[in-house]
Amino acid sequence: MALLEINDLMVLYGEIEALRGVSLKVDAGQVVTLLGSNGAGKSTTLRAISGLAKPRAGEILFDGRSIMGLGPEAIVRLGISHVPEGRRVFPGLTVKENIMLGASNRRVGKAALSREADAMFDLFPDIRPFADKLGWTLSGGQLQMVAVARGLMAKPRLLLLDEPSLGLAPVIVQAVFRIIAEIRRDTTVLLVEQNARMGLSVADYGYVLETGRLALGGKPDELWGNEAIRAAYLGGHTKAV
Ligand SMILES: Nc1ncnc2c1ncn2[C@@H]1O[C@H](COP(=O)(O)OP(=O)(O)OP(=O)(O)O)[C@@H](O)[C@H]1O
Ligand SMILES: [Mg+2]
C-alpha cells in the first residue's frame with residue numbers, strides 16, 4: 001500500500017483551477033519528485049496534502065486513511081511535515097531555537113530536543129556556527145538548511161519539500177541534495193523541483209505536472225531516456241543523470 005495516495009484532486013483559487021484532477025502515489029521509503037514549470041500546481045499539491053489548501057474534489061489518503069478536511073496541525077501530528085517555498089525563519093530566535101520549533105508536534109523533553117537539534121548540525125555543519133547566536137544574518141542557502149532541519153525535527157513519516165534548491169548557488173544545491181539522499185533512509189520524501197536534473201537524481205519516481213494536470217510519470221531513467229519528454233519537460237538537457 002502506498003504511504004500517500006492522491007486521486008483526482010481538484011483545487012480552485014476562486015475561478016482559477018490550480019489542480020484539475022491530479023492522481024499520484026508515494027510508496028514508503030521512496031523519494032518522489034514532482035516537476036513542472038511555474039504555475040503548474042506543484043506547491044498547490046503540497047499545500048493540499050498538508051491541509052493548507054482545501055480541495056474541491058478528489059481524495060488524499062495517508063497510510064490508507066483519508067486526511068481530507070483535517071487541519072494543518074492534525075496533519076502534522078499524523079507525521080507529515082511541509083517545508084514550504086520561501087524560507088520562513090524567525091529572526092527573534094536563535095538558529096537552534098528555530099530548528100527546535102519543528103518538533104512542536106511531538107512530546108519530547110527539553111534536553112532530548114536540544115540533543116536532537118544538535119544532531120541536525122551534523123547534517124548541516126554550515127549553520128552550526130550560528131546555532132546559539134541572536135541577530136544572525138544567514139545566506140539564502142543557510143536559511144534553506146534551517147528550514148529543512150526544522151522539517152526533519154518533526155520526525156515526519158512524509159516530508160514535503162518545496163523547491164529546496166530555489167535561488168541557491170550550485171554548490172549549495174548539491175549540499176541540499178546530498179542531505180535529501182541521506183534522509184531518505186528513514187523518511188519518505190515528496191520533493192517539488194524545477195531543476196529536473198537535480199530533482200530526478202535523488203528520485204525513485206518522477207511526475208511532471210502541466211497546468212494543473214499530470215502530464216506523465218515514470219522512473220527517472222525512463223523520463224531521461226525519452227528524448228521527446230526531455231525536450232518538452234525536462235529543460236532539454238541531454239546528459240544522463
Ligand atoms: N493564493 C492563490 N490565489 C490565487 N491563485 C493562486 C494562489 N496560489 C497559486 N495560485 C495559482 O494556482 C496555480 C498553481 O500555482 P502553484 O503555486 O501551485 O504553482 P507552482 O507549480 O508551485 O509554481 P512555481 O514553480 O512558480 O512555484 C497558478 O496558476 C497560480 O497562479
Ligand atoms: Mg511553487
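This passage walks through a predicted model, from its ligand shell to its sheet, its core and a few single residues.

We start with the ligand. Ligand 1 has 13 residues around it, and Y13, A18, K42, S43 and T44 are the closest of them. Two elements, β2 (16-26) and α1 (42-49), each supply two or more residues to this shell. The top contributor is α1, which puts in three residues. By residue class, the shell splits into seven polar, four nonpolar and two charged residues.

Helix α1 deserves a closer look. It is mostly covered, with eight of its eight residues buried. K42, S43 and T44 are on that buried list, and so are T45, L46, R47, A48 and I49. K42, S43 and T44 thus turn up twice, once among the residues closest to ligand 1 and once among the buried residues of α1. The helix lies across β1, β2 and β4, and runs at about 70° to β2. Just past the end of α1 comes G51, with a positive phi of about 85°.

Next comes the sheet that includes those strands. It is an open sheet of four strands in the order β2-β1-β4-β5, and the pairing is antiparallel. The edges are taken by β2 and β5 (65-66); each has a single partner strand, so one side of each has no neighbour in the sheet. In general, strands of a sheet pair through backbone hydrogen bonds, either parallel or antiparallel. The pairing between β4 (residues 57-62) and β5 is antiparallel and extends over two bridges.

L61 is a handy marker for that end of the sheet. It belongs to strand β4 and stands opposite S66 in β5. Setting aside residues up to four places away in sequence, L61 touches E5 and S66. How buried or exposed is L61? It counts as partly exposed, because it has 17 C-beta neighbours inside 10 Å, while the buried class begins at 20. Farther afield, L61 and A103 are 42 residues apart along the chain, and their C-alpha atoms are separated by 23 Å.

Strand β1 (residues 4-13) holds a backbone oddity, D8. This residue is not a glycine, yet its phi is positive, at about 50°. D8 is partly exposed, with 13 other C-beta atoms within 10 Å. A second case is E163, again a residue other than glycine, with a positive phi near 45°. E163 sits in the loop between β7 (158-162) and α6 (170-183). In spite of being a loop residue, E163 is buried, because 21 other C-beta atoms lie within 10 Å.

Then there is the packing. In soluble globular proteins, nonpolar side chains tend to be buried together. Here the largest nonpolar core has 64 residues, and A149, L160 and L190 have the most contacts inside it. Helix α5 (residues 140-153) gives the most to this core, namely eight residues. Apart from neighbours within four places in sequence, L190 is in contact with L4, V26, V32, L34, L158 and L160.

Two of those partners of L190, L158 and L160, are also touched by I80. I80 is found in strand β6 (residues 80-83), and its other contacts beyond four places in sequence are I49, S50, F62, I75 and P156. I49 is one of the buried residues of α1, which ties this part of the picture back to the helix. I80 counts as buried, because it has 27 C-beta neighbours inside 10 Å. R56, by contrast, is 24 residues from I80 in sequence and 21 Å away in space, C-alpha to C-alpha.

The last stop is F130, in the loop between α4 (110-123) and α5. Which residues does F130 contact, leaving aside its neighbours within four places in sequence? They are V95, W136 and L138. F130 comes out as partly exposed, because 19 other C-beta atoms lie within 10 Å and the buried class needs 20 or more. Its C-alpha atom and that of P84, 46 residues away along the chain, are separated by 22 Å.

Terms used: Residues numbered from 1 in each chain as written. Chains lettered and ligands numbered in written order. Predicted model: local features only at pLDDT ≥ 70, side-chain atom pairs only at ≥ 80, totals over all residues. Near = placed C-beta within 6 Å. Nonpolar A, V, L, I, M, F, W, Y, C, P; charged D, E, K, R; others polar. Buried ≥ 20, exposed ≤ 12 C-beta atoms within 10 Å, placed from the backbone. Contact = placed C-beta atoms within 7 Å. Core = buried A, V, L, I, M, F, W, Y, C linked by C-beta atoms within 7 Å. Pairing = 2+ DSSP bridges. Axes fitted to C-alpha atoms, helices over the stretch in contact; angles between N-to-C directions.
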